[in-house]
Amino acid sequence: MNDRETAFVIVTGMSGAGRSTAAKALEDLGWFVIDNLPPGLLFAMAEEAGRVKLAADKVAAVVDVRSLAFTTDLNAAIEELDGRGVAVRVVFLEASDEELVRRFENVRRPHPLQAEGRLVDGIARERGILREVRANADLVIDTSNLNVHELRGKIVAFFGGEDRPGLRVNVVSFGYKYGLPVDADLVVDCRFLPNPHWVPELRPMNGLAASVRDYVLNQAGAKELLDAYEEVVGIIAAGYTREGKSYATLAVGCTGGKHRSVAMAEQLGGRLRDRGGMEVQVSHRDVGRE
């Protein structure tokens with residue numbers, strides 16, 4: 001399944017078996033993914049992907065029984081793709097009836113084919129509709145005993161290849177007086193460092209200016225904080241990767257988000273890039289806000 005010639009992947013299977021998790025894992029690996037695509041539009045999607053020159057082995061579609069005449073349409077669509085020279089691979093996700101019942105009950109949602117019947121009736125009906133699709137699938141993954149991290153790991157193992165990205169880290173500076181970034185996974189507090197705001201010649205500038213950067217980095221504790229946090233982030237990043245987490249936001253804060261946090265965020269971002277194994281972006285949420 002890691003073959004670079006794979007042009008098109010269809011993700012399908014039982015409702016509640018993890019299609020959305022699989023699709024998100026593919027997106028995190030750089031695939032172009034569209035959810036709930038009617039089978040009749042598969043070739044049109046492949047054709048459009050080719051027109052805009054998307055990578056041939058990076059196109060995937062999630063198809064399920066929400067589309068009417070599912071098996072007939074899907075089989076016909078696959079035949080059309082094959083006939084026009086598009087290599088198709090079908091990934092089928094399934095789980096035991098007991099596990100599917102438990103998952104639907106946990107989210108308190110009906111099965112899409114349940115109608116006025118019981119949950120088990122909807123599951124049984126879906127199994128019947130998908131029997132032929134499962135039989136012809138290139139890859140079947142039973143998620144009954146898998147958590148979301150383990151399922152993501154399997155998708156990465158099948159489709160990641162050697163060029164799969166590492167953890168994507170967004171280092172964002174911010175001002176505490178404007179509130180914490182809501183998506184922060186980790187927070188660094190730089191308010192213990194002397195504030196350049198009280199140095200008249202530095203006040204108009206921000207942490208991107210060399211004079212402000214040098215002032216901040218030369219303060220007692222600045223280098224030690226960077227050294228320690230670089231090591232901490234390295235340990236956490238390795239754990240995130242093992243658990244299938246693809247993104248992390250590291251928030252670096254000072255009072256106004258203009259001087260100390262900006263300089264320290266830039267330095268920390270550069271250090272993490274130099275470590276390798278991570279894709280690092282640095283942004284400054286509150287610069288210019290005052």
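Confidence in this predicted model is lowest in helix 2 (residues 42-51), with a mean pLDDT of 65. It is highest in helix 7 (residues 210-217), where the mean is 97. Across the chain, pLDDT averages 84. At least 70 is reached by 88% of the residues.

Two stretches fall below 50. Residues 1-6 stay under 50 in pLDDT, and the model gives them 17 contacts beyond four places in sequence. Residues 52-56 are also below 50, with 5 contacts beyond near neighbours in sequence.

**Strand 4 and its partners**

Strand 4 spans residues 88-94. Of its 7 residues, 6 are buried, so the strand is largely enclosed by the rest of the structure. Strand 4 pairs with strand 1 (residues 8-13) in the parallel sense. Strand 4 also runs parallel to strand 5 (residues 139-142). The table lists the two pairings.

| Pairing with strand 4 | Sense | Bridges | A facing pair |
|---|---|---|---|
| Strand 1 (residues 8-13) | parallel | 6 bridges | Thr12 and Phe92 |
| Strand 5 (residues 139-142) | parallel | 4 bridges | Ile141 and Leu93 |

In the pairing with strand 1, Thr12 stands opposite Phe92 of strand 4. On the strand 5 side, Leu93 has Ile141 as its bridge partner.

**Helix 4**

Helix 4 covers residues 97-107. Its buried residues are Glu99, Leu100, Val101, Arg103 and Phe104. What do they pack against? The buried residues of helix 4 pack against helix 5 (119-136). An α-helix has 3.6 residues a turn, so residues three or four places apart point the same way. Just after helix 4 comes Arg108, with a positive phi of about 55°.

**Helix 7 against helix 9**

Helix 7 also meets helix 9 (residues 260-275). How do the two axes cross? They come within 9 Å and cross at roughly 85°. Angles from 65 to 115 degrees count as roughly perpendicular. Helix 7 and helix 9 are therefore roughly perpendicular to each other.

Helix 7 contributes Arg213, Val216 and Leu217 to the contact. Helix 9 supplies Arg260, Ala263, Met264 and Gln267. By class, the contact holds 4 nonpolar, 1 polar and 2 charged residues. The nonpolar residues are Val216, Leu217, Ala263 and Met264. The charged ones are Arg213 and Arg260, and Gln267 is the polar one.

Technical notes. Residues numbered from 1 in each chain as written. Predicted model: local features only at pLDDT ≥ 70, side-chain atom pairs only at ≥ 80, totals over all residues. Heavy atoms only, no water. pLDDT = per-residue confidence, 0-100. Helix = DSSP H or I, 4+ residues; strand = E, 2+ residues; numbered from the N terminus. Contact = heavy atoms within 4.5 Å. Axes fitted to C-alpha atoms, helices over the stretch in contact; angles between N-to-C directions. Parallel < 35°, antiparallel > 145°, perpendicular 65-115°, else oblique. Buried < 20%, exposed > 50% of the residue type's maximum accessible area, 1.4 Å probe, protein only. Pairing = 2+ DSSP bridges.
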